[in-house]
Amino acid sequence: MTSPQGFVSRAEIARLAEVKRPAVSNWERRHEDYPRPRLVGGEQLFEVEAVLEWLDQRRIASNALLPNERSGATFGQRFRRNLAGPAAQSPQAQPVSTKRPKTNDLWRTLDQLRGAYDILRYRDLVLSLIFMRAQDRNGWSSVLTGDRSDPASLMTSINNKLGTGDAPPPIAFQVDAKIPSELVEFADVAVDELGGAAAFRTLLDRFAMLEGKRGGEFYTPPSIVRVLVEALAAEAPGTIYDPCCGSGEILLTAALQTPGLAVHGDGLNAEALTLARMNLALHGIDSRLGRQSIDVLSRPGNGDSSYSYIVANPPFGLRGWSREDPALERSWLYGPPPRGNADFAWLQFVLERLAPGGRAAVVMPAGAAFRGGRERVIRQAMVADGCIESVIALPPMLFYNTAIGATIWVLRRSSNPQRELLLVDATGLGRLSQRAQRELSEQDHEVIRAVLTDWRAGVTPAHEALPTAVVTAADLKKNDYDLTPEKYALNEAAARTDDGRQGIETLLRELARLGERSARVDMVMDQMIGRAQILEPPVQELPPGWQEVRLADISELTAGPSARASDDGSVGVVRPRNLVGGRITGSFDRIDEGTAGKLETHRLAEGDILCTRTGVVGRHALVTSAHKGWMCGTGLIRIRPRQGIDPKYLSDYLNSPSVLDWLTRHSAGSVLPSINTRVLGTLPVVLPPAEAQGEIGRVLQALDDKITTHEQIARATAALRDSLYPLLTSGRVRPPE
């Protein structure tokens with residue numbers, strides 16, 4: 001199907017510019033000024049005029065010129081010529097096709113066919129049809145010519161193909177409804193157009209995006225996968241292992257990047273394991289995959305295999321992973337982790353299975369770098385043992401439909417342990433895409449890879465686009481073994497100087513980087529806000545599908561209990577003082593596990609919203625995975641959005657001036673204002689449809705990004721002033737005349 005008049009798809013750009021399809025993706029990825037797509041009819045399309053304007057600036061290489069083209073010709077000239085020619089089937093002139101959908105229309109077709117199917121069952125069914133079509137062409141032909149109204153024979157065929165090993169087929173195959181013949185035809189078209197492997201990966205990515213946070217349980221976004229694999233720097237021959245392999249995308253990327261690796265992995269559930277098997281098989285990767293229970297974390301090793309390389313994106317903040325206190329169940333390399341959080345159980349599990357000289361790269365929540373209690377003790381022991389090579393802080397919003405930040409821990413098992421750690425602050429990299437998430441560019445990946453390569457070669461990294469810090473155990477001890485890269489990177493870069501000049505040069509480079517980031521943020525704002533359609537006032541009614549509800553109708557409100565802090569407690573407590581600028585930060589009280597167990601109903605979950613109920617009413621913060629499992633303290637109200645409510649939208653709504661005014665007017669007490677859950681529950685909330693909630697969140701996130709960038713510019717400028725002042729007053733720097 002061709003695009004609407006005035007728009008072109010990526011495939012149509014490639015055809016009209018007479019280049020291969022990957023070239024278009026390469027232009028879009030490498031060039032910041034490449035036109036941004038617009039969502040038209042559910043598809044990402046480009047304005048013809050914007051594409052022409054950009055292509056007019058790109059000359060065709062001499063070895064790529066066509067016989068009728070002269071030196072100096074541009075892709076814009078070629079595009080314009082083909083657009084006007086009758087043989088080109090111009091997207092502006094060609095009538096809408098009634099044939100089967102082409103590549104750019106596949107996802108919209110698939111979404112229309114879903115009907116009443118549950119998304120998880122539908123995902124597994126669609127991907128299995130893609131797999132069967134790609135792997136068994138003869139068997140597929142019989143499906144196309146047979147009776148498709150009866151799903152039994154089709155399901156039997158799929159089960160026979162997927163039911164390898166001990167893992168059962170996905171739950172989606174337990175169907176008793178008619179499988180639409182259009183869905184069978186869709187799988188046929190998708191494999192014909194994209195190829196089996198590409199169709200599988202493309203749809204897997206789109207399903208994960210649709211599922212949001214839930215999709216993150218089985219799928220790791222490409223930007224994070226690439227940083228993991230490149231941080232690992234695997235070399236063949238060797239064995240790579242993923243203990244919670246999800247859909248296999250990390251193992252697949254590593255195997256494709258480094259042919260010759262033996263690929264091993266374990267899945268935490270049957271559905272994800274089957275997806276991983278299909279994914280790897282379609283790409284021709286031989287693998288040995290099995291299934292393991294989460295109980296493996298609390299069991300002794302018993303001579304488990306060791307691996308040259310381990311890579312993992314384990315579930316964050318996993319509770320209930322140990323039947324009793326982990327200290328009683330087994331011995332640990334660096335100390336027993338808390339029962340309420342498996343993050344450091346995963347890190348030690350990985351290190352126990354790493355062969356001598358091996359390397360691992362593991363995704364961890366940001367809180368793993370600074371949380372106290374048992375986790376601080378384990379970090380201290382790991383630092384002392386020299387098994388941490390690097391910690392990389394990733395930018396927020398790399399995961400689908402969540403602003404959560406994360407870190408990558410690079411670990412080593414070596415007879416010559418690391419005495420210094422490399423901390424990398426990559427939080428300023430990436431740009432927002434059209435899918436409500438941030439993506440790292442090719443240049444971003446190159447910068448991270450270069451910094452790690454320098455570090456391993458014995459060269460202290462000093463890349464102008466990426467703040468880094470080299471710290472020792474003594475440095476970390478002064479900061480309570482906090483491994484958060486942002487706390488050290490800029491200051492360390494400015495401090496590595498004999499006479500102040502190097503620090504000034506570093507700060508100037510940092511300001512230049514922030515200036516470029518500011519320009520990118522401005523571009524995103526222009527696209528999201530500057531081109532928005534603003535309706536003429538007055539608007540008397542809410543748009544169709546919007547409604548006004550009470551806060552109590554869409555969320556559960558719970559007041560925080562009173563609990564006495566404990567000096568040796570391991571469970572964090574969030575107090576009103578910890579809500580600063582919409583974030584949870586500062587020094588925290590802690591309580592012991594026994595007290596926390598009695599207050600179980602007041603635990604925090606990712607996506608909860610905390611707001612103050614006494615004092616300065618209206619301060620609030622969104623709970624991320626860093627504080628998942630912590631306790632809501634006294635003086636706070638926990639707001640837990642119900643299913644279908646975007647937590648970020650609700651958090652942003654609570655921060656609006658009209659809501660703050662409402663809270664002030666409805667608070668009791670003149671000396672110490674307060675509000676209770678009953679009154680707060682009556683707060684009127686304007687509730688758009690789910691899609692609009694996400695769109696509003698993306699616009700506000702663009703504004704938040706601009707605020708954050710300018711705050712960083714202000715801090716770097718202040719640091720530059722402080723560094724420059726001694727030189728100015730010593731006469732060693734002469735201002736320009």
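This report describes a four-stranded sheet and a helix in a predicted model.

## The open sheet

In this predicted model, the strands β16, β24, β21 and β22 lie side by side in that order and form an open sheet of 4 strands, with antiparallel pairing. At its edges are β16, which covers residues 555-559, and β22, which covers residues 620-622, and each of these strands pairs on one side only. From one strand to the next, the twist averages 20°.

Within the sheet, β21 (residues 609-612) and β24 (residues 636-641) run antiparallel and are joined by 4 bridges. For T612, the bridge partner in β24 is L636.

## A helix on the sheet

Helix α23 packs on this sheet, where it touches β21, β22 and β24, and the direction of α23 makes about 165° with that of β22. Residues 647-654 form α23, which is also among the elements that cover the buried residues of α24.

## The two faces of α24

Helix α24 spans residues 657-666, and its buried residues are V659, W662 and L663. These residues lie on the same side of α24 because they cover an arc of only 100° around the axis. As a general point, an α-helix has 3.6 residues a turn, so residues three or four places apart point the same way.

The cover over the buried residues of α24 includes, besides α23, the helix α25 (677-680) and the strand β25 (684-687). On the face of α24 turned away from its buried side, the exposed residues are P657, T664 and R665.

Notes. Residues numbered from 1 in each chain as written. Predicted model: local features only at pLDDT ≥ 70, side-chain atom pairs only at ≥ 80, totals over all residues. Heavy atoms only, no water. Buried < 20%, exposed > 50% of the residue type's maximum accessible area, 1.4 Å probe, protein only. Arc of directions from axis to C-beta. Contact = heavy atoms within 4.5 Å. Pairing = 2+ DSSP bridges. Axes fitted to C-alpha atoms, helices over the stretch in contact; angles between N-to-C directions.
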